[in-house]
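Okay, thanks everyone. I'd like to talk through some charged pairs today, so let me put the structure up.

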Amino acid sequence: EGLEDRVFATLEAVARLGALDFEAFEASAVEDAGSKVTSRDELGRTAAALGVDADDLERSLTQRSVYAEGETLVIMSSPDAARRGRDALLKALYSALFDALVAQCNADIGG
């Protein structure tokens, strides 16, 4: 797989990730209120483009873990917090792509 293929694959993943949206769900007897991805189909396509498991991707965007005094607490994110997390991941992907392209250009021109 060449650089061009990797660039287009990353751009596809970024575009799909940016299209993900979140909706709230109510608390139940076994789970706190939080958010979930609105489209399971789009989540699956996004996860495939990123090369990760769809459920892992949704968890990473909609909840966070806090470690305190030997215990792990899972905190559910609101839809707005999930969107902010998605946007932070988008920025990180764009940054990594840009850095890779600059490094390749520098290598190609001998710099």
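Before I count anything, here's what I mean by a salt bridge: a side-chain nitrogen of Lys or Arg within 4 Å of a carboxyl oxygen of Asp or Glu. And keep in mind that this is a predicted model. With that cut-off, how many salt bridges does the structure hold? The count comes out at ten. I'll walk you through a few of them, helix by helix.

Let's start in helix H1, which covers residues 3–19. Here Arg16 pairs up with Glu12, and their closest N and O atoms sit 3.1 Å apart. Why do these two line up along the helix? Well, they're four residues apart in H1, so about one helical turn separates them. As for how open they are, Arg16 is partly exposed, at 24% relative accessible area. Glu12 is partly exposed too, at 39%.

Next up is helix H2, residues 40–50. The pair here is Arg45 with Glu42, with 3.0 Å between the closest N and O atoms. The spacing is three residues this time, again about one turn of the helix. Now, which side of the buried-or-exposed scale does Glu42 fall on? Glu42 has a relative accessible area of 14%, and the cut-off for buried is under 20%, so Glu42 counts as buried. Its partner Arg45 is partly exposed, at 41%.

Let me stay with Glu42 for a second. What does Glu42 touch, once you leave aside its neighbours within four places in sequence? The answer is Arg16 and Leu20. You'll remember Arg16 from the H1 pair, where it bridges to Glu12.

On to helix H3, residues 54–62. Arg59 and Asp56 meet in a salt bridge there, at 2.4 Å from N to O. These two are three residues apart in the helix, so once more we have about one helical turn between them. Both ends are partly exposed: Arg59 comes in at 41% relative accessibility, and Asp56 at 42%.

So which residues get joined into one network by salt bridges that share partners? They are Glu12, Arg16, Glu42 and Arg45. In other words, the H1 pair and the H2 pair belong to one network. If you're looking at the screen, find Glu42 in helix H2, then go across to its contact Arg16, and from there to Glu12.

That's what I had. Happy to take questions.

Key:
Residues are numbered from 1 along each chain as its sequence is written. This is a predicted model: local features need pLDDT of at least 70, side-chain atom pairs count only at pLDDT 80 or more; totals for chains, interfaces and linings use all residues. Side-chain values use heavy atoms; hydrogens and water are left out. Buried means under 20% relative accessible area, exposed over 50%, partly exposed in between (1.4 Å probe, protein chains only). Contact means heavy atoms within 4.5 Å.
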